[in-house]
Amino acid sequence: MTEPSNRSADASRDPRPMRVVLVGYGPVGSRFVDELLPVVRAGLASLTVIGTETADAYNRVLVAEHAVGSVGLDSMTVADRAAAEEAGVDLRTGVSVRRIDRGAHEVVLDTGERVAYDRLVLATGARANTPTLDGIERSRRDLASLERYPAELVASDDRLPQGVTALRDLDDAARVREAVRGRKRVIVLGAGVLGLEIALAAAHAGAQVCVVHHGAHPMPRNLDRGGGGVLRQALRRTGVTVIAHSRAEAIAFRTEADGSRAFDMLVTADGKQLKGDLLVLSCGVTPRAELATLAGLRTSTGVVVDRGLRSWSDPDVFAIGDCAHVVERTEETIGRRDLPGGPSGLIGPGWRQAAWLAARWTDELEGRAAHDHEGRELASIGMAPEADPIVMLKAEHIDVVAVGEVAPEPWDDDPAPGDPGARRVAQWADPEHLRYVKMVTRGGVLSGFVSVGMPRTAAELTLLFERRAELPADRSMLLRFDGPDYDPSEDADAFAPTSTVCWCNAVTVERIEESAACGNDTVECVGRDTRAGTGCGGCKGRIADVLARFAETGGAAASPVG
């Protein structure tokens with residue numbers, strides 16, 4: 001076996017460019033390419049990108065909106081192929097990696113070609129889960145199966161029957177679009193964020209939509225009972241049928257005119273037979289870690305990497321995005337069979353990982369070493385742990401935001417009077433008007449909240465959560481943000497320069513105002529300039545508010561908060 005390269009140990013001593021191979025050209029892989037371009041242009045690194053899809057990298061968060069025709073592919077595209085190729089990137093799309101030869105430091109493509117690397121970055125993302133249903137075959141992807149059927153299982157999805165689809169890529173979106181345009185009956189299995197977004201978008205576009213899930217209320221991982229109940233009412237008022245407490249058991253087929261079989265109905269364990277024309281599976285995702293498994297790398301929920309995003313098993317292999325399972329490597333975790341945590345499944349953390357890794361390598365190749373405020377090298381201590389993810393549901397006339405601990409109820413316990421560190425819960429509900437807010441605090445500091453139908457209140461709570469600031473003693477003051485008399489232009493704190501507007505890309509009020517001062521006076525223009533709003537899209541309303549205030553003040557930037 002070839003000895004491992006020592007390129008990682010001291011890249012500056014090798015006169016040739018560091019050979020980087022990136023496997024995966026989705027939104028996270030594309031961000032890594034963008035951030036590494038300066039050293040590629042300078043000849044310090046060569047970069048080869050292998051992408052399975054033929055299309056340039058696009059934002060998968062917007063696939064549901066694309067499926068109903070409200071967002072075009074141009075608006076979703078996040079890659080700049082021309083800039084990458086002009087810089088010297090070897091960009092190959094429509095090609096898959098079948099195997100990693102760690103000994104030879106090469107990846108083997110489905111064409112049989114071998115591509116050498118000094119450092120390998122896996123950004124292979126995740127695939128949609130296929131639930132256990134009679135009538136649908138699920139592929140096993142354990143080591144034995146992968147070794148036996150690598151061509152069928154690596155970089156591929158489960159084969160679904162006609163009339164059944166997931167919603168992860170452009171081909172899936174095309175199938176949904178056909179059903180929506182025909183105003184057909186669409187059944188969505190699963191009531192998570194993605195499932196609800198496609199259900200609401202399809203219903204708004206004229207399709208007949210039914211959501212089936214086995215929980216008590218929609219978004220059970222993110223919402224409490226009250227928030228979930230208000231969301232369920234909102235869904236039904238938009239025309240979406242919601243069937244809760246029903247576990248799907250099987251699908252039945254009908255015979256088409258050409259003799260083929262197509263989806264006809266979903267059968268649940270409690271005896272319901274739900275007829276439809278298209279079944280959309282929205283049952284979560286699983287990281288694509290089969291390449292790592294075949295290569296003998298440590299995997300758990302995804303490819304196991306340390307806080308420096310380096311594989312536990314190979315110092316020249318890294319992972320970012322939905323396939324990366326970041327775990328601090330300690331004596332305790334090394335010995336564990338099941339590791340804590342897992343990929344977030346959100347685009348923001350993946351983008352931050354891509355930018356962080358590219359920045360560290362850029363520093364290394366340019367002979368610099370970035371340090372934190374305590375003087376420690378960032379490359380050695382790794383990324384800071386991600387904060388609790390903020391979950392947003394984007395839909396027409398329905399605003400849902402949740403983060404942190406949301407399960408506690410106001411009557412769960414009776415905190416001791418005067419205990420400054422006690423957990424307390426404030427709750428306000430107006431189901432008739434589809435509004436709900438719950439705030440959970442510890443020592444007066446927000447530790448979690450749920451907001452349904454209160455977009456400005458949610459924006460303020462998000463800022464408070466981000467800053468770990470204390471809430472006002474009278475929690476009801478926060479409800480004023482969605483009141484009829486609230487004027488956002490008079491709220492200086494909401495427009496403080498350092499206030500984060502886009503959490504996916506860490507874009508502040510100050511950065512948006514700088515962009516506006518350069519002539520970017522629309523949300524779309526600001527997005528192209530700063531990337532704000534190009535992730536989950538939940539901040540577009542806040543971007544519009546910042547732009548409106550900037551215009552009203554004649555281009556005067558927000559003043560620092562004293």
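How many aromatic pairs does a search of the whole structure find? The search finds two, and they make a good place to begin. Keep in mind as you go that this is a predicted model.

**Stop 1: the aromatic rings**

Select phenylalanine 32 and tryptophan 361. Their ring centres lie 5.8 Å apart and their planes stand at 90°, so this pair is edge-to-face. Now colour the elements they belong to: phenylalanine 32 sits in helix 1 (residues 27–41) and tryptophan 361 in helix 12 (residues 347–365), with their positions 329 residues apart in the chain. Switch on a surface and look for the two side chains. Phenylalanine 32 counts as buried at 0% relative accessibility, and tryptophan 361 counts as buried at 3%.

Keep tryptophan 361 selected and add phenylalanine 318. Here the ring centres are 4.9 Å apart and the planes meet at 80°, so this pair is edge-to-face too. Phenylalanine 318 belongs to strand 19 (residues 317–319) and tryptophan 361 to helix 12, so the pair ties together parts that are 43 residues apart in sequence. Phenylalanine 318 is buried, as is tryptophan 361. Show Phe32, Phe318 and Trp361 together and you have one aromatic cluster on screen.

**Stop 2: salt bridges**

Side chains of opposite charge can pair when their charged atoms come close. The whole structure holds 32 salt bridges; here are some to visit.

Select arginine 19 and aspartate 118, whose closest N and O atoms are 3.1 Å apart. Arginine 19 is in strand 1 (residues 18–23), while aspartate 118 is in the loop between strand 6 (114–116) and strand 7 (119–122), 99 residues apart. Which partner is buried and which is partly exposed? Arginine 19 is partly exposed at 30% relative accessibility, whereas aspartate 118 is buried at 1%.

Next, pick lysine 275 and aspartate 264, joined by a salt bridge of 2.9 Å from N to O. Lysine 275 lies in strand 15 (residues 273–275) and aspartate 264 in strand 14 (residues 261–268), eleven residues apart. Lysine 275 is partly exposed at 43% relative accessibility, and aspartate 264 is buried at 11%.

Then go to arginine 442 and glutamate 405, where the closest N and O atoms are 2.8 Å apart. Arginine 442 is in strand 24 (residues 435–442) and glutamate 405 in the loop between strand 22 (398–404) and strand 23 (423–430), so the pair ties together parts that are 37 residues apart in sequence. Both ends are partly exposed: arginine 442 at 41% relative accessibility and glutamate 405 at 23%.

Before moving on, select Arg185, Arg254, Glu256, Asp264, Lys275 and Asp277, which shared salt-bridge partners join into one network.

**Stop 3: helices 15 and 16**

Finally, show helix 15 (residues 509–517) with helix 16 (residues 523–530). They pack at an angle of about 110°, their axes 10 Å apart, which makes helix 15 roughly perpendicular to helix 16. Add side chains: Arg511, Ile512 and Ser515 in helix 15 meet Val526, Asp529 and Thr530 in helix 16. By class, this contact has two nonpolar, two polar and two charged residues.

Stay with helix 16 and highlight its buried residues: Val523, Cys525, Val526, Gly527 and Thr530. They pack against strand 27 (507–508), helix 15 and helix 17 (540–552). Your last selection is arginine 531, which follows helix 16 and has a positive phi, near 75°.

Technical notes
Residues numbered from 1 in each chain as written. Predicted model: local features only at pLDDT ≥ 70, side-chain atom pairs only at ≥ 80, totals over all residues. Heavy atoms only, no water. Axes fitted to C-alpha atoms, helices over the stretch in contact; angles between N-to-C directions. Helix = DSSP H or I, 4+ residues; strand = E, 2+ residues; numbered from the N terminus. Parallel < 35°, antiparallel > 145°, perpendicular 65-115°, else oblique. Contact = heavy atoms within 4.5 Å. Nonpolar A, V, L, I, M, F, W, Y, C, P; charged D, E, K, R; others polar. Buried < 20%, exposed > 50% of the residue type's maximum accessible area, 1.4 Å probe, protein only. Salt bridge = Lys/Arg side-chain N within 4 Å of Asp/Glu carboxyl O. Phe/Tyr/Trp six-rings, centres within 6.5 Å; stacked < 30°, edge-to-face > 60°.
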